[in-house]
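This report describes the fold, the helix packing and the ligand surroundings of one protein. The sequence and the structure are shown first.

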Amino acid sequence: MNTIKSIVVVSLGVALCGLASCDTGNLRRDPGHIYAPDMTYSRAYDAYTSNPALGKDSLISRLPVDGTIARGHMLPDHLKEGDTTAYKTFTTSLRFNAEEMKEGGRLFNIYCAICHGPNLDGQGPLFASGKFASMPANFKDGKYLHMPVGQMFAAAKYGKNMMGSYAAQLDEKQRWMVIAYIKKVQSENGGDAFTFGEGPAITTGKTDTAKAAMPMAAADAKKDEKKAK
Ligand code: HEC
């Protein structure tokens, strides 16, 4: 019994000490004796403070200059939000293989189909439920069948009216893969010819790709031939 008592007393004591140290009213911010004042009190401006020399917009932490490309985002696009003229001519030289096209479809189903519909007809479950007031683009409609790819890219990057931006969810390549997927489906529904596919050198005939996919197997077969001789 005595041990329990002393445990209770000790833990109460510890708790009280803890509470006392939470009293921030008497925080000591004065460093006392200073050996190197320049190190104690920084001469440089601290981040997020203001520098009157910078004029009206005096924030110390500056925004990157226009046209800066973030590390790892090496597909340059100097689009500016709202520049609809530039949107219409903006395009990419990216071409996608079957796997990337499949990935484009997967990303579309994750991020876009809830509104635009898995069939791209604008009847996604969110809109069909009546909870989303604005009709999403029906990509099979004549209005969108021939929409320039740059305009679509801009919609994914900046959003459009009730549609939000997907720049944070999809990087540049992923955005283009999603658009390539939309364009592919459109090309099969009266849209323009599909142009995001690989060049004819890679896509002609299944036999070529089968051979290319098994260079090691082919080499082994040759070795075996030699051995047999
Ligand atoms: C929350 C619902 C919603 C989601 C999710 C959504 N959209 Fe949209 N989208 C809309 C609506 C609504 C419009 C019609 C905007 C308008 O014209 O007012 C639209 C329009 C568009 C347009 C036509 C843009 C134009 O210039 O007219 C494109 C292209 C598009 N969306 C692509 C996408 C892609 C790609 C995704 C997935 C990354 C996506 N959307 C996800 C709701 C959505």
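A residue is called buried if 20 or more other C-beta atoms lie within 10 Å of its own, and exposed if 12 or fewer do. By that criterion, buried residues make up 12% of the 229 residues in the protein. The model is a predicted one.

**Overall fold**

The protein contains 12 helices and zero strands. Its pattern along the sequence is accordingly written α-α-α-α-α-α-α-α-α-α-α-α. Among contacts between residues at least 6 apart in sequence, 48% join residues at least 24 apart.

**Helix α9 and its packing**

Helix α9 covers residues 172–187 and has 16 residues. From its first C-alpha to its last it reaches 22 Å, close to the 22 Å expected at 1.5 Å a residue. The buried residues of α9 are R175, W176, M177, V178, I179, A180, Y181, I182 and K183. They pack against α4 (98–111) and α8.

The packing of α4 with α9 can be described in detail. The two helices meet at an angle of about 95°, and their axes are 8 Å apart. Because angles of 65 to 115 degrees count as roughly perpendicular, α4 is described as roughly perpendicular to α9. On the α4 side, the contact is made by E100, M101, E103, G104, G105, L107 and F108. On the α9 side, Q174, M177, V178, A180, Y181, I182 and K184 take part. By class, this contact of α4 with α9 has eight nonpolar, three polar and three charged residues. M177, V178, A180, Y181 and I182 are among the residues of α9 that are buried and also belong to the contact with α4.

**Helix α8 and the ligand shell**

Within α8, the buried residues are V149, M152, F153, A154 and A156. What covers them includes α3 and α9. Just after α8, G159 takes a positive phi of about 85°.

Helix α8 also takes part in the surroundings of the ligand. There are 21 residues around the ligand, of which C112, C115, A155, N161 and M163 come nearest. Both α5 (113–116) and α8 (149–158) supply at least two residues of this shell. Which helix gives the most to the shell? It is α8, with four residues. In terms of residue class, the shell divides into 16 nonpolar, four polar and one charged.

**Positive phi outside glycine**

Two residues other than glycine have a positive phi: Y48, near 65°, and L120, also near 65°. Y48 is found in the loop between α2 (37–40) and α3 (84–89), whereas L120 is found in the loop between α5 and α6 (125–128). Are these two residues buried or exposed? Y48 is exposed, because its 8 other C-beta atoms within 10 Å fall under the limit of 12 or fewer. L120 counts as buried, because its 23 C-beta neighbours inside 10 Å satisfy the requirement of 20 or more. The table sets out the two residues.

| Residue | Phi | Loop | C-beta neighbours within 10 Å |
|---|---|---|---|
| Y48 | near 65° | between α2 and α3 | 8 C-beta atoms, exposed |
| L120 | near 65° | between α5 and α6 | 23 C-beta atoms, buried |

Terms used: Residues numbered from 1 in each chain as written. Predicted model: local features only at pLDDT ≥ 70, side-chain atom pairs only at ≥ 80, totals over all residues. Near = placed C-beta within 6 Å. Nonpolar A, V, L, I, M, F, W, Y, C, P; charged D, E, K, R; others polar. Expected span 1.5 Å × (residues − 1). Contact = placed C-beta atoms within 7 Å. Axes fitted to C-alpha atoms, helices over the stretch in contact; angles between N-to-C directions. Parallel < 35°, antiparallel > 145°, perpendicular 65-115°, else oblique.
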